Protein chains: 2
Amino acid sequence: MQKTGVALLGLGVVGSGTYKIITEQREKIKNIYGVDLSVEHILEKDKTKAQALGIDLSIVSTDIQNILNNDDIKIVAEFFGGTEPAKTFLIKCLLKGKSVVTSNKELVCKYFGELEAAAAKGKAGLYFEASCVGGVPIIRTLTDAMQANDIKEIKGIINGTTNYILSKMADEGVGYAEALATAQKLGYAEADPTADTEGYDASYKLSILSSLAYNKHVPLTEIYREGINKITAEDINFGKEFGMTLKLLGISKNSDGKIEARVHPAFIDNNHPLASVKGSFNAVHLLGNNVGDIMLYGRGAGDLPTGSAIVSDIVFAAGKKTHRRFDFIKQKFNAKDFVSDFTSEYYIRMKVTDKAGTLSKISGIFGKFGVSITTVLQKPPTDNSGIVSIIFITHVTKEKSISSAIDSIGKLDGVNEISNVIRVER
Amino acid sequence: MQKTGVALLGLGVVGSGTYKIITEQREKIKNIYGVDLSVEHILEKDKTKAQALGIDLSIVSTDIQNILNNDDIKIVAEFFGGTEPAKTFLIKCLLKGKSVVTSNKELVCKYFGELEAAAAKGKAGLYFEASCVGGVPIIRTLTDAMQANDIKEIKGIINGTTNYILSKMADEGVGYAEALATAQKLGYAEADPTADTEGYDASYKLSILSSLAYNKHVPLTEIYREGINKITAEDINFGKEFGMTLKLLGISKNSDGKIEARVHPAFIDNNHPLASVKGSFNAVHLLGNNVGDIMLYGRGAGDLPTGSAIVSDIVFAAGKKTHRRFDFIKQKFNAKDFVSDFTSEYYIRMKVTDKAGTLSKISGIFGKFGVSITTVLQKPPTDNSGIVSIIFITHVTKEKSISSAIDSIGKLDGVNEISNVIRVER
């Protein structure tokens with residue numbers, strides 16, 4: 001059996017995990033899949049990482065030419081993260097006919113077109129299962145199991161850091177700052193957590209998943225994004241009283257070719273399959289016109305789950321004579337294909353002075369802007385400030401109507417604060 | 001683009017669903033996957049079924065030679081069900097080099113070896129995604145996404161009929177007979193429901209999934225099987241008091257090459273991801289040494305979900321130059337590779353005469369056979385018969401120990417009935 005030469009760009013946590021898996025599974029993969037993986041070169045500055053894995057240092061360097069000029073290397077797996085030098089190096093590899101496997105969601109999201117163009121030119125494959133939801137085969141499902149479906153909707157918990165923080169707030173009643181600090185201590189969140197908490201990471205993944213699901217490029221610029229840093233323990237507790245769980249969701253929909261995509265915190269019913277996805281677990285719910293509802297669930301990150309997806313892509317790529325092309329990426333962008341003013345139900349929490357007539361005035365303004373209310377919850381004051389919290393939950397309404405109503409309500413005499421506005425998804 | 005000729009064996013519910021999907025999705029599949037599907041022949045006695053779909057009757061017959069002799073037909077999808085004539089026809093097709101796609105779990109389970117041998121000889125592909133869990137890509141996951149893993153365990157709700165019955169019993173408090181009658185009325189259960197309720201259907205699927213997961217043939221004969229017909233509303237209610245849900249589970253484990261496989265009702269903790277899988281939905285939970293826990297969820301049956309999997313396999317097969325071989329099926333059977341006396345926790349419900357000393361005698365016998373008890377629940381009598389129910393839940397123990405203990409307890413003076421024994425899975 002001919003060896004399939006593999007190069008690794010970077011030997012960090014996931015790169016090292018991948019090397020370990022290739023070594024551990026090599027015989028089995030050879031026997032079952034007829035693919036004999038052999039790591040031929042590694043780009044890594046820090047040689048101690050290679051030494052720790054018992055790798056012969058003669059195959060470790062910092063020069064991409066060592067990979068580009070080695071015709072035995074058929075597949076290049078990238079672990080640098082960020083956009084440069086990953087982008088430049090991978091495009092060179094693709095043009096040389098070397099297939100690329102990556103978990104770099106930011107790179108695939110932002111430069112899908114450039115990468116695919118280079119891959120098509122070099123007749124190479126572009127694989128990125130590991131970029132979304134760790135080892136869960138959501139990309140393989142979209143590309144190789146949903147051929148018979150028009151995908152109508154994606155709804156997912158696609159960021160483990162925020163799901164860990166929100167689960168901790170819900171289970172232990174702690175505030176956002178404390179939950180974030182614990183996540184940072186345990187390594188679930190970075191020192192600068194904004195990529196996760198502000199929803200950037202989830203937006204990259206939603207862009208990739210939606211593009212594959214709808215066979216249309218869904219760029220980052222068309223994804224509404226809102227993070228979780230304004231969520232309080234109070235909101236989560238009120239949600240519980242309504243039988244709802246708060247999650248950071250990535251949602252996209254395709255209605256007759258018109259696409260809506262958004263990442264934001266949302267309440268979902270406790271009975272929804274996504275509500276029980278806790279801690280650092282992720283899950284993606286798909287709706288296909290023929291298959292109906294399906295959901296995939298698993299760990300969204302980690303060296304071995306992500307390495308599992310990387311090695312799966314390497315074996316899958318090695319078994320292909322011709323690689324899948326993502327031709328949709330060549331279509332010209334048309335803003336008309338995307339929905340900007342989407343609809344939702346809303347949870348609105350506000351603080352008002354406890355006196356007669358306030359509720360009536362607030363309700364009047366909601367009515368004026370066509371916002372219909374399904375539920376109101378007002379609790380007796382807990383201190384003698386004379387200020388109470390009121391929660392409203394609306395029927396489905398337009399984003400614009402809710403903003404206008406809230407602007408007016410905020411100016412009412414007796415309304416002290418609009419504390420939070422959170423979407424409710426059914 | 002060259003057409004890919006497809007033949008359909010049977011035009012029942014799933015066959016018709018498949019035809020509709022091929023027609024509806026043909027253009028999209030051509031554009032995205034480069035595969036132009038064309039139905040060239042259909043075997044079906046009842047011509048009205050073809051007429052209802054607007055199919056030209058000149059391509060409908062009852063003679064398999066019309067398919068075998070047509071070199072344009074590359075892929076044959078089978079919808080007959082049962083083992084004959086499906087087996088004979090499909091083996092002829094495979095030997096002629098035509099790839100086979102089927103949802104026939106009984107056929108694949110019982111004749112995997114014969115089908116694979118014919119496929120290997122004819123250099124044809126054998127595809128059966130639709131045989132397990134409808135449109136949920138569990139087979140594609142096992143064959144094309146878990147290459148980097150040793151699968152350690154499968155745990156699944158893989159029969160929709162029994163899950164519908166058990167969900168109805170749990171949600172509405174009705175008995176087994178009433179829930180079954182409703183399932184039959186709604187078409188979720190057959191007039192003769194034994195294939196589902198006795199666990200045969202789940203065993204076929206567990207055999208297929210386990211064989212793929214462990215790369216070792218797990219024949220039906222090595223799968224312990226127990227149905228749900230002895231389950232009562234009382235058991236389900238007691239389970240609720242312990243925070244547990246009752247499900248018919250298919251479970252298999254691979255411990256260093258030694259395989260354990262079983263289908264039986266079991267209590268699972270309400271927090272387990274499988275506990276919230278309700279009604280006719282199915283789900284399979286996998287544990288891989290690298291990927292960790294993953295779960296796939298969706299509709300386990302139905303014309304369009306199953307048709308979705310059939311068409312996915314057809315497109316996948318059409319894109320392959322060489323097909324995957326299942327070489328493990330050729331290994332010689334060795335009984336030593338399978339576990340017979342497996343361990344579990346147990347729930348035991350019995351009726352005893354309410355008098356001093358009985359509980360002590362029962363506990364003594366459990367102790368004698370090395371069965372350790374975690375929980376005992378005895379409720380005050382609800383009538384004046386002097387007879388009460390007692391529930392015991394055990395620690396992990398061997399099947400043999402529990403049977404021996406229960407035999408002895410059943411003979412005790414004051415023990416009126418061993419009402420039920422149900423496994424508890426963590």
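Which residue of chain A comes closest to the rotation axis?

1. In this predicted model, the residue of chain A that comes closest to the rotation axis is Leu296(A), whose C-alpha atom is at 2.3 Å.

2. As for the axis itself, two copies of a chain are related by a rotation about an axis and a shift along it. Here a turn of 180° and a shift of 0.0 Å along the axis lay chain A on chain B with an RMSD of 0.0 Å, and that is the relation of a two-fold axis.

3. Where the chains touch, 38 residues of chain A are in contact with 38 residues of chain B. On the side of chain A, the elements that give two or more residues are helix 1 (13–33), helix 6 (138–144), strand 12 (292–299) and helix 12 (303–318), and the residues of that side divide into 19 nonpolar, 14 polar and 5 charged.

4. Of the interface residues of chain A, 100% are also interface residues in chain B, so the copies meet through the same surface.

5. Strand 12 deserves a separate look, since strand 12 of chain A is joined by 5 bridges to strand 12 (residues 292–299) of chain B, and the two run antiparallel. Within this pairing, Met295(A) stands opposite Tyr297(B).

6. Turning to the layout of a single chain, the domain assignment of chain A gives domain 1 (3–131), domain 2 (138–299) and domain 3 (343–425). The centres of domain 1 and domain 3 of chain A, taken over C-alpha atoms, are separated by 53 Å.

Methods:
Residues are numbered from 1 along each chain as its sequence is written. Chains are lettered from A and ligands numbered from 1 in the order in which they are written. This is a predicted model: local features need pLDDT of at least 70, side-chain atom pairs count only at pLDDT 80 or more; totals for chains, interfaces and linings use all residues. Two residues are in contact if their C-beta atoms, placed from the backbone, lie within 7 Å. Helices (H or I, at least four residues) and strands (E, at least two) are DSSP runs, numbered from the N terminus. Ala, Val, Leu, Ile, Met, Phe, Trp, Tyr, Cys and Pro count as nonpolar, Asp, Glu, Lys and Arg as charged, and the others, Gly among them, as polar. Two strands pair if DSSP finds at least two bridges between them. Copies are superposed by least squares on the C-alpha atoms of residues with pLDDT of at least 70 in both. Domain bounds come from an automatic or database domain assignment.
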